[in-house]
Amino acid sequence: MKRQIVTFTLLLLCALPLAAQKKKEIYKDKNAPIETRIDNLLSLMTLEEKIMQMNQWTYGKNANPNNIGEKMKEVSPMIGSLLYRSTNPEYRNQIQKKAISESRLGIPIIFGFDAIHGYRTVFPIPLAQACSWNTDLVQQSCAITAKESWLSGLDWTFSPMLDVARDARWGRVSEGYGEDTYANSVFAVTAVKGYQGTNLSDKYTIAACLKHYIGYSLSEGGRDYHYSDISNQTLWETFMPPFEAGIKAGAATVMSGFNDISGVPASANYYTLTEVLKKKWGHDGFVISDWGSVRNLVEQSVAKDLKEATQKAFMAGVEMDMVDNTYMDYLPALVAEGKVPMATVDEAVRRILRVKMKLGLFENPYVDVVPEKKRYLLPEYLKTAELLAAESMVLLKNDNSVLPITTKYKSIAIIGPMVKDSVHIMGFWEGMGRPQDVETIYAGLQKEFKGKAQLNYAKGCDFDGDDRNGFTDAVSAANKSDAVIVFLGEKRNWSGENGSRSTIALPKIQEDLVAELKKTGKPVILMLSSGRPLELIRLNTMASAIVAIWQPGTAAGSAVAGILSGRSNPSGKLSITFPQTTGQIPIYYNMRESARPNSGHYQDIPRDALYWFGHGLSYTNYSYGSVKLSATKIKKTDKLIAEVEITNTGDRDGKETVMWFIKDPFASISRPMKELKHFEKKFIKAGEKAVYRFEIDPAQHLSFVDSNGERHLETGDFYVIVNDQQLHFELIE
Ligand code: NOJ
């Protein structure tokens, strides 16, 4: 017996190192709980290995010093992340293989890139997508983007951008979903679902990144990267909800902004990054800085040097440094000096590892390599791109139903710098989109009107400059045509990052071209491609019809041609207001009422915007029945049903979006004049009807936040607003 015990003990002693050895590798066991795997992995990592996880390198076209270039052999296998600006999945797999097989612990790299409105198939810019109000199509576009991206070697996109638009001079309004907080929240969820699918570890799904956290769109005067003066009330009411919605939808990552929020830059803001994002909302993924936003803390004068910038950003809650190497360079010393606790390092690395585990990178570190023709621009992708582009376009004006171009026009002049363009029409952040993939407007029109109308093309002028030599040809093209369609707009880099403009009017030469064409007496139709709303005060009076086509992307030609011919009935409605002039900015539909509503407006322009948020015409007519409410008095715990029946009274099928607004005329904190709370888009055949419904949940739709983010639901009067109808109801205890 005694001998047996001794033998057993000896066996146990020999076996222990083995068991311990096994336990050591628990992070490789896909069946173990994620947190257990991370605990195990963290216990094995050196400080250097941890810091490497928090640094992002770059690859591809940029001059950043930490660009790994083609020198993969020289790159450490321990790198944590790569901003991968390449369409080559094989190279990604090679780099990944190096990390897996040559680093001590074999931790996979996460590869990210800006696939903002498409990867190789380019969809309309997000501002335009929002005008479609079609969440299904937007979600599909994100899922296609995810698939093309994944097959090119990506695990992660730096999208969606949720900066609620406030100043159209700021070029980045093109990248978000417009001026409404609720719309941005809905599209946040839509984009996260589209990119991440139902399970992040599935093939073809990629992690989303909500950006730019937070308030970046309030950069003063619309100048990019500038100071943003944001009250806590505005922060909570306008800017937080889309991020909160995106986090609740499961967004894996967040990007901290460049802006200085009232003295505490977004990338060093403990309140927004840790107290709100991590503690209040429970985000368990990680935050990446924006490009250089850690270093920028020095320029923003809150850090005396890069070391202090590192400490501030890291301690505020930025877990990964995009491309600057500041974490690599300064975290070791900061830890050694006790300025950064090891527990904070571990927590940050845990968050990064968690996202990698959720992506399934430990089990499936490589992407499939398929031929390019199976990867990109598949027919169904192009179809989605066309549908989304067409539904994004907004018919702003259509005097005497000059549009669509029916058989009444035998010859049409097609004029302007945008007609044959294949670069600017994709917009900023075109991903890996290529001009040669774009169906130009010219090509689209040739196809659409072949055998139906003669097209007389003239460029007329360039986007800017002073060369009016092309005007003569343009005028003669107009003279021999029944109608004149002018395709004007902005170059791609007039919006997007660093794309601020002091005026949102088109350059004078473009306006002058229209004035010349107007003199021919032919109806002038304007097709405007831009990354922002434009100042149309002069052009508006010269044009019989105007369509905002935005920057529609790869399928521009078919989408534009379909709208012009009537093959597609316009159904877009503005996600952002078109002011009369640049000087009317800021102007957005949900402003607060003035103390003297009838005075104080600019004397030299009309009081209203030229085209408000929500505006958009169709080739058919919709007649709204009377809105019906299920009650006129409800308790806080009740629900109120609002319904409206809409009839398509025209002779074309169409899609109509109904927007439901709530107005709270009196509250302890002043409320905007009205706020969008729900929208729905439905297809209605000509002559048929559809019922739209909004279930009002007081806690959700009638409450408001205060400057601490606390919700309040106050009894009293409310109105539900649809179109031009406003119905009163009362909320009681
Ligand atoms: C800077 C931009 O602000 C951000 O939106 C983008 O994701 C990064 N650069 C990476 O390209």
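Start at Asp 290: an N or O atom in its side chain sits 2.5 Å from an oxygen atom of the ligand. Keep in mind as you look around that this is a predicted model. Asp 114 does something similar, with a side-chain N or O atom 2.4 Å from a ligand oxygen. Then there's Lys 211, where the distance from a side-chain N or O atom to an oxygen of the ligand is 2.8 Å. How much of the ligand does the protein cover? On its own the ligand has 300 Å² of accessible area, and the protein covers 95% of that.

Now step back and take in the whole shell. Besides Asp 114, Lys 211 and Asp 290, the residues around the ligand include Arg 172, His 212 and Glu 497. You'll also find Phe 158, Met 255, Phe 258, Trp 291, Met 322 and Trp 429 there. Sorted by class, that shell comes out as six nonpolar residues, five charged ones and one polar one.

Next, have a look at the cysteines. How many disulfides does the model have? The count is zero. A disulfide is a covalent bond between the sulfur atoms of two cysteines. Take Cys 142: its closest cysteine sulfur belongs to Cys 209 and is 14 Å away, so the two are too far apart for a bond. Seen from the other end, Cys 209 has the sulfur of Cys 142 as its nearest cysteine sulfur, and Cys 209 is in no disulfide either. Are these two buried or exposed? Cys 142 has a relative accessibility of 3%, so it counts as buried. Cys 209 is at 0%, and therefore counts as buried too.

Finally, there are some enclosed spaces to explore. The protein holds five cavities of 30 Å³ or more, and the largest of them has a volume of about 80 Å³. To find that largest cavity, look for Ala 165, Arg 166, Asp 167 and Ala 168, which are among the residues lining it. Glu 179 and Pro 533 are part of the lining as well, and so are Ile 576, Thr 577, Pro 579, Ile 585 and Ile 587. By class, the lining of the largest cavity has seven nonpolar residues, three charged and one polar.

Terms used
Residues numbered from 1 in each chain as written. Predicted model: local features only at pLDDT ≥ 70, side-chain atom pairs only at ≥ 80, totals over all residues. Heavy atoms only, no water. Near = heavy atom within 4 Å. Polar contact = N/O pair within 3.5 Å; in protein donor to acceptor, adjacent residues only side chain to side chain. Areas by Shrake-Rupley, 256 points an atom, 1.4 Å probe, with all protein chains shown as cover. Nonpolar A, V, L, I, M, F, W, Y, C, P; charged D, E, K, R; others polar. Disulfide = S-S within 2.5 Å. Buried < 20%, exposed > 50% of the residue type's maximum accessible area, 1.4 Å probe, protein only. 1 Å grid on protein atoms, 1.4 Å probe; cavity = no way out; pocket = protein on both sides within 12 Å on 5 of 7 lines; lining within 4 Å. Points joined across faces, edges and corners; volume = space filled by probe spheres on them.
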